[in-house]
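Hi,

Here is the structure I promised to pass on. Have a look at it first, and then read my notes below.

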Amino acid sequence: MTDRPIIDAHHHVWDLTVRPQPWIAGEQLAPLARSFSVADLATEARAAGVVGTVVVQTVCVPEETPELLALAARSDLVAGVVGWTDLTAPDVADAIAALREQPGGEHLVGIRHQVQAEPDPQWLLRPDVQRGLTAVAEAGLAYDLVVKPHQLAAATAAAAQLIGLTFVVDHLGKPLIASGWLDPWTTDLRRLAALPNTVCKLSGMVTEAAPGSWRTQDLKPYAETALDAFGPRRLLFGSDWPVCTLQASYSTVVEVADELTDSLGVEEKAAVFHGNATRVYRL
């Protein structure tokens with residue numbers, strides 16, 4: 001893969017001395033219970049041919065996004081930030097404008113909320129959330145969708161109502177790969193992909209696979225479904241580092257994504273691994 005430049009469109013960083021990460025709980029996630037920095041990522045990313053990355057929020061607090069923007073401002077690797085702001089706040093447009101005034105504010109490329117943790121499966125369709133999403137669209141930003149399969153229907157309805165906003169599906173909508181479960185995830189993902197303002201990240205698959213025993217072949221039906229539904233011009237590579245390290249090294253994640261897209265031509269593969277992220281996030 002080092003013969004072509006790569007944009008890693010999805011990774012995280014966190015510093016546990018600054019704030020806790022409440023989602024890191026239980027024995028399975030214990031290896032993530034330490035701080036991870038861009039410096040930790042840089043060597044592996046460069047070795048894999050990565051020339052730029054998009055760092056994505058992890059917690060829904062207002063302090064994190066300015067920190068990520070400042071990180072991007074001083075990094076020669078981080079090209080974009082998908083941050084967080086309270087979509088339900090009446091002044092969400094002002095909050096987004098204020099983020100852009102922060103050091104590194106020019107690196108703000110998208111907004112994300114932990115929809116997967118919302119108990120209401122229709123959360124994306126609430127009037128206050130819709131108003132917030134409209135503000136994201138008016139700011140020229142993308143919106144990252146971190147949802148579980150049962151929330152894909154609401155995501156499709158939201159995207160249909162806000163055709164001027166680009167919705168970026170993280171981790172293929174988190175299908176239950178370990179169980180080999182395909183339906184109704186396949187049907188729901190295809191309905192979402194039928195909307196022209198949606199794209200999808202080829203990311204997060206290894207962490208949904210069977211712990212310790214997964215093979216690339218286990219991921220193939222899910223990658224092929226996403227590729228067929230969205231096409232090579234609407235699919236973005238993302239590592240989901242450091243979460244991916246629960247199941248695979250960074251280099252392995254890149255190699256697996258390369259193998260899963262072997263059916264593509266040179267230009268199509270370049271789009272998945274570089275061009276699409278550059279376009280969608282306006283890097």
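Let me start with helix α3, where the buried residues are Val-92, Ile-96 and Leu-99. They span an arc of only 55° around the axis, so they sit on the same side of α3. That fits the usual helix arithmetic: with 3.6 residues a turn, residues three or four places apart point the same way. Turn to the face of α3 that points away from the buried side and you will find the exposed residues Asp-94 and Glu-101. One thing to keep in mind throughout is that this is a predicted model.

What lies over the buried side of α3? The cover includes α2, β4 (108–113) and α4. I looked at the last of these in some detail. Two packed helices are described by the angle between their axes and the distance between the axes. For α3 (residues 92–101) and α4 (residues 127–138), the angle is about 35° and the axes are 9 Å apart. The crossing of α3 past α4 is right-handed. On the α3 side the contact is made by Val-92, Ala-93 and Ile-96, and on the α4 side by Gly-132, Ala-135 and Val-136. Sorted by class, that contact has 5 nonpolar residues, 1 polar residue and no charged ones. Val-92 and Ile-96 are worth picking out on screen, as they are among the buried residues of α3 and also take part in the contact with α4.

Next door is α2. Its buried residues are Glu-64, Thr-65, Pro-66, Leu-68, Leu-69, Leu-71 and Ala-72. The elements covering them include α1, β2 (50–56), β3, α3 and β4. So α3 and α2 turn up in each other's lists: α2 is part of what covers the buried residues of α3, and α3 is part of what covers those of α2.

Now the salt bridges. The count comes to 14, and I will just go through a few.

- Arg-46 and Asp-76 meet through their side chains, at 3.3 Å from N to O. Arg-46 is in helix α1 (residues 38–47) and Asp-76 is in the loop between α2 (64–74) and β3 (78–83), so this pair ties together parts that are 30 residues apart in sequence. Arg-46 is partly exposed, with a relative accessible area of 37%, while Asp-76 counts as exposed at 66%.
- Arg-126 pairs with Asp-128, and their closest N and O atoms are 2.7 Å apart. Arg-126 is partly exposed, at 31% relative accessible area.
- Asp-170 pairs with Lys-201, with the closest N and O atoms 3.6 Å apart. This one links distant parts of the chain, 31 residues apart: Asp-170 is in the loop between β6 (167–169) and α6 (185–193), and Lys-201 is in strand β7 (residues 198–202). Both Asp-170 and Lys-201 are buried.
- Arg-4, Asp-258, Asp-262 and Lys-269 are joined into one network by salt bridges that share partners.

Last, a single residue to click on: Thr-225, in helix α8 (residues 216–230). Is Thr-225 buried or exposed? Its relative accessible area is 10%, and buried means under 20%, so Thr-225 is buried. Leaving aside residues up to four places away in sequence, Thr-225 touches Trp-185, Thr-186, Leu-189 and Arg-190.

Cheers

Definitions and conventions
Residues numbered from 1 in each chain as written. Predicted model: local features only at pLDDT ≥ 70, side-chain atom pairs only at ≥ 80, totals over all residues. Heavy atoms only, no water. Axes fitted to C-alpha atoms, helices over the stretch in contact; angles between N-to-C directions. Helix = DSSP H or I, 4+ residues; strand = E, 2+ residues; numbered from the N terminus. Left-handed = near helix turned anticlockwise from the far one by under 90°. Contact = heavy atoms within 4.5 Å. Nonpolar A, V, L, I, M, F, W, Y, C, P; charged D, E, K, R; others polar. Salt bridge = Lys/Arg side-chain N within 4 Å of Asp/Glu carboxyl O. Buried < 20%, exposed > 50% of the residue type's maximum accessible area, 1.4 Å probe, protein only. Arc of directions from axis to C-beta.
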